[in-house]
Amino acid sequence: WFPAVREEVRATREAVALYDLTTYAKFLVAGPGALAGLQRLVTSDLDVAVGRIVYTVMANERGGIELDPTITRLADDRFLVLAPTLTQRRCEGLLRNGLPPDAVVTDVTSGWATLHIAGPRSRELLARLTDEDIGAEAWPFPAAREIEVGRSRAWAFRVSFTGELGWELAVPTEFVADLYEHVVAAGADLGLRHAGSFAFDAARLERGFRSWGHDIGPLDDPFTSGLGFTVSRRKAADYVGREALEALRASSVADTAGRRLVSVHAPDAVLWHGESMLRDGERAGFVTSAGIAPTLGGSVGLAWVRGAIDGATWQVEIGGDPVPCRVSLDPFYDPTGDRLRS
């Protein structure tokens, strides 16, 4: 499947690609206790403007990452919680067990279908389907709006796990076939290509995006995971794990040679996951997820390692043989995220 993945990622990076994200878990949280309840569950501040998308962490009392959903404020008292497909029941449990009675949780996963367009020409494609102003200034990243698109009313989220400019278009399931036909027709001369989960994973790995259950989990904290930006210092509301997270913040800053989640690039190898990482010839960690890197060449992945990153010779062990690789705290592709915000 490597040739197909390379072409699908190339379209994502250079033109526009169409992904089906319908299976992602989606929960509406509504009611007078929605804001206060969610504020108690997550590390970021959700008291934001309507339409704002917040990537955040649900932590446990030890500061471990129980989940890392995106939460969009749809109205003053209504929020959409979006989580990976395989975490649907986990996300539901965290919400139902952690929210107060006046915050109603509704699983709308099967009720809303989601088509995702990603790539530098995704704005041009979407402009053909809506009268909304979708320019960078009028619609900044990360924000959501309810818009007319094609012949459907959709929630459009300006986000992309591929690291490129893009929108996720969520519509009632009965309208998705019609929306799909409109998207395909509008993108016919823009280089639109259908893309699948392997390409989606390859693109997110090049950009260094974490995947819960693969790269991070309940035993990992946001700071060593590279997600410290999700932990608010200014948020007035208390939240689960706050005391532990503040202690972990201080220890993470002090221990520059401690355990860290890093990006790995092996230009001359095919990585899968589970390979040992070698620092100056000694085992110092392992690869958590990996795949071919169509844009960078070779393979790219994420790995937990110990020891100072700079000033060391890094290798990944494949079949017992050490293979040279590069290791970085920053992603190798678009480390500043300019393409997402373009």
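Guide: Helices are DSSP runs of H or I, at least four residues long, numbered from the N terminus. The model is a predicted one.

Visitor: In which helix is serine 252 found?

Guide: Serine 252 falls within residues 242-254. That run is helix α7.

Visitor: Is serine 252 buried or exposed?

Guide: Buried means under 20% relative accessible area. Serine 252 has a relative accessible area of 13%, so serine 252 counts as buried.

Visitor: Beyond its neighbours within four places in sequence, which residues is serine 252 in contact with?

Guide: Contact takes heavy atoms within 4.5 Å. With neighbours within four places left aside, the partners of serine 252 are Phe223, Thr224 and Arg260.

Visitor: How far apart are the N and O of the salt bridge between arginine 249 and glutamate 246?

Guide: Both residues belong to helix α7, three residues apart, which means a separation of about one helical turn. Arginine 249 is buried at 11% relative accessible area, while glutamate 246 is partly exposed at 30%. Their side chains meet, N to O, at 3.3 Å.

Visitor: How many salt bridges does the structure hold?

Guide: One of them joins arginine 73 to aspartate 47. The structure holds a total of 24.

Visitor: How close are the N and O atoms of arginine 73 and aspartate 47?

Guide: These two form a salt bridge, with the closest N and O atoms separated by 3.1 Å. Arginine 73 is in strand β6 (residues 70-75) and aspartate 47 in the loop between α2 and β3, 26 residues apart. Arginine 73 is also buried, with 8% relative accessible area. The N to O distance asked for is 3.1 Å.

Visitor: Which residue meets aspartate 220 in a salt bridge?

Guide: The two side chains come together at 2.9 Å, N to O, and the partner is arginine 259. Aspartate 220 sits in the loop between α6 and α7 and its partner in the loop between α7 and β14, so the pair ties together parts 39 residues apart in sequence. Aspartate 220 is buried at 9%, whereas the partner is partly exposed at 27%. That partner is arginine 259.

Visitor: Which residues are linked to Arg13 in a network of salt bridges?

Guide: Salt bridges connect four residues here, Arg13 being one of them. The others in the network are Glu164, Glu206 and Arg339.

Visitor: Why do the buried residues of α3 count as lying on the same side?

Guide: In α3 (residues 88-98) the buried residues are Gln88, Cys91, Glu92 and Leu95. They lie on the same side of α3 because the arc they cover around the axis is only 100 degrees. The face turned away from them carries exposed Arg89 and Asn97. The deciding value is the arc, 100 degrees.

Visitor: What covers the buried residues of α3?

Guide: The cover includes one helix, α2. Strands contribute too, including β2, β4, β5, β7 and β8.

Visitor: How many residues make up the largest nonpolar core?

Guide: Nonpolar side chains tend to be buried together in soluble globular proteins. Here, the residues with the most contacts inside the largest core are Val29, Leu38, Val81, Leu95 and Leu99. β2, α2, β4, β5, β7, α3 and β17 each supply at least two of its residues. The size of this core is 37 residues.

Visitor: How many residues does the other core hold?

Guide: This core lies apart from the largest one. Among its residues are Leu115, Ala156, Leu165 and Leu179. Its size is 25 residues.

Visitor: Which exposed residues are on the face of α5 turned away from its buried side?

Guide: Helix α5 (residues 176-186) buries Val176, Asp178, Leu179, Val183 and Ala186. Those five span an arc of only 160 degrees, which puts them on the same side of α5. The face turned away carries exposed Glu181 and Ala185.

Visitor: How far apart in space are isoleucine 216 and leucine 302?

Guide: Isoleucine 216 is in the loop between α6 and α7. Isoleucine 216 is buried, at 3% relative accessible area. In sequence, 86 residues separate isoleucine 216 from leucine 302. In space, C-alpha to C-alpha, the separation is 10 Å.

Visitor: How much accessible area does the nonpolar patch on the surface have?

Guide: The patch is formed by Trp1, Phe2, Phe198, Val270 and Trp272. Phenylalanine 198, in helix α6, is partly exposed at 45% relative accessibility. Together the patch residues have about 590 Å².

Methods
Residues are numbered from 1 along each chain as its sequence is written. This is a predicted model: local features need pLDDT of at least 70, side-chain atom pairs count only at pLDDT 80 or more; totals for chains, interfaces and linings use all residues. Side-chain values use heavy atoms; hydrogens and water are left out. Buried means under 20% relative accessible area, exposed over 50%, partly exposed in between (1.4 Å probe, protein chains only). The arc is that of the directions from the helix axis to the C-beta atoms. Patches are made of residues with over 30% relative accessible area and no salt bridge: like charges are joined within 9 Å, nonpolar side chains (Val, Leu, Ile, Met, Phe, Trp, Tyr) within 5 Å. Accessible areas come from the Shrake-Rupley method with a 1.4 Å probe; for residues, only the protein chains shown count as cover. A nonpolar core is a set of buried Ala, Val, Leu, Ile, Met, Phe, Trp, Tyr and Cys residues joined through side-chain atoms within 4.5 Å.
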